[in-house]
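Colleague: Could we take a close look at a single part of this model? I would like one connected account of how that part packs against its surroundings.

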Amino acid sequence: MSEKWNDLYNTGISRFDNINKKIVNDMYLLSDNIAQGVDDTKNHELFKQIIHNMVELWLFEENLMEEFKYPKIDSHLSAHKRFWNMMKKLNGYFESNIYLDNIDLFKDLREEFLNHIDFEDKKFSKFLNEQGYEQLDYV
Ligand SMILES: [Fe+2]
C-alpha cells in the first residue's frame, strides 16, 4: 500500500500524529479494497482496526483535555461524538451484511476525519504545546 499520509496533517504531538497516520492510511486502504472488490469480511476487519485505533487515540486525547483543563473541550467532544455516529452507522452496514460498494461513504468519512485533524486536533495540540506538553515526555 502506498503511503497516503501528508505531513501537513501533523499536529506537533507525536502520539496523535502516529495514530492519526495509521487511521488515515487504513481509511485509504479500505476505499482501495472496496474499489477492487475485496471481500466485505476482510473490509470489516480493517474497519474494526480503524475503530480500535480511534478509540485508543480519543481516550488518550480526551484524558489530556481533562487533565490540562482544555477550554474548548465541549466543542471538541461533540465533534468526536458526531464522527463516532458516522462510524457506528458504517459499522452497522457491515454487521447487517449490506454490500458496501459505495466508496463515497468512506471518502466522506476520511474527509471528515482529516478536517477534524486540521481544525480541532491542531487547535488542541497548539494548546498542549503552549503548556509545554511535548517537553513533559509522557509519550
Ligand atoms: Fe480530536
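Modeller: In this predicted model, α2 passes α3 in a left-handed crossing, a crossing being left-handed if the near helix is turned anticlockwise from the far one by less than a right angle, and right-handed if clockwise. Helices are DSSP runs of H or I with at least four residues, numbered from the N terminus. Residues are numbered from 1 along each chain as its sequence is written. Because this is a predicted model, local features need pLDDT of at least 70 and side-chain atom pairs count only at pLDDT 80 or more, while totals for chains, interfaces and linings use all residues.

The axes of α2 (residues 40-67) and α3 (residues 73-95) come within 11 Å and cross at roughly 165°, where axes are lines fitted to C-alpha atoms, for helices over the stretch in contact, and angles run from 0 to 180 degrees between N-to-C directions. The two helices are therefore roughly antiparallel to each other, the word used for angles over 145 degrees. On the α2 side the contact is made by Asp-40, His-44, Phe-47, Ile-51, Trp-58, Glu-62 and Met-65, and on the α3 side by Ile-73, His-76, Leu-77, His-80, Met-87, Leu-90, Asn-91 and Phe-94; two residues are in contact if their C-beta atoms, placed from the backbone, lie within 7 Å. The residues of this contact divide into 9 nonpolar, 4 polar and 2 charged, with Ala, Val, Leu, Ile, Met, Phe, Trp, Tyr, Cys and Pro counted as nonpolar, Asp, Glu, Lys and Arg as charged, and the others, Gly among them, as polar.

The other partner to describe for α2 is α1 (14-35). α1 and α2 pack at an angle of about 160°, with their axes 10 Å apart, and are therefore roughly antiparallel to each other; their crossing is left-handed. Among the residues that make the contact are Phe-16, Ile-23, Met-27 and Leu-30 of α1 and Leu-46, Phe-47, Ile-50, Met-54 and Glu-61 of α2. The residues of this contact divide into 13 nonpolar, 4 polar and 6 charged. Phe-47 is thus named in the contact with α3 and in the contact with α1.

Within α2, Phe-47, Ile-50, Met-54, Glu-61 and Leu-64 are buried, where a residue is buried if 20 or more other C-beta atoms lie within 10 Å of its own, exposed if 12 or fewer, and partly exposed in between. An α-helix has 3.6 residues a turn, so residues three or four places apart point the same way. What covers the buried residues of α2 includes α1, α3 and α4. At 1.5 Å a residue, the 28 residues of α2 should span 40 Å, and its end C-alpha atoms are 40 Å apart, which agrees; the expected span is 1.5 Å times one less than the number of residues. For α3, the 23 residues should span 33 Å, and the end C-alpha atoms are 32 Å apart, which also agrees.

Just after α2 comes Lys-69, with a positive phi of about 50°. Most residues other than glycine have a negative phi. Lys-69 sits in the loop between α2 and α3 and is exposed, with 9 other C-beta atoms within 10 Å. On the far side of that loop, Ile-73 belongs to α3 and counts as partly exposed, with 14 C-beta neighbours inside 10 Å. Ile-73 and Glu-62 are 11 residues apart in sequence, and their C-alpha atoms are 8.1 Å apart in space; both residues take part in the contact between α2 and α3.

This region also meets Phe-124, which is found in α4 (residues 103-130). Phe-124 is buried, with 21 other C-beta atoms within 10 Å. Leaving aside neighbours within four places in sequence, Phe-124 is in contact with Met-65, Tyr-70 and His-76. Met-65 and His-76 are also named in the contact of α2 with α3. The C-alpha atoms of Phe-124 and Tyr-70 are separated by 7.6 Å, although the two residues are 54 apart along the chain.

Methods. Parallel < 35°, antiparallel > 145°, perpendicular 65-115°, else oblique.
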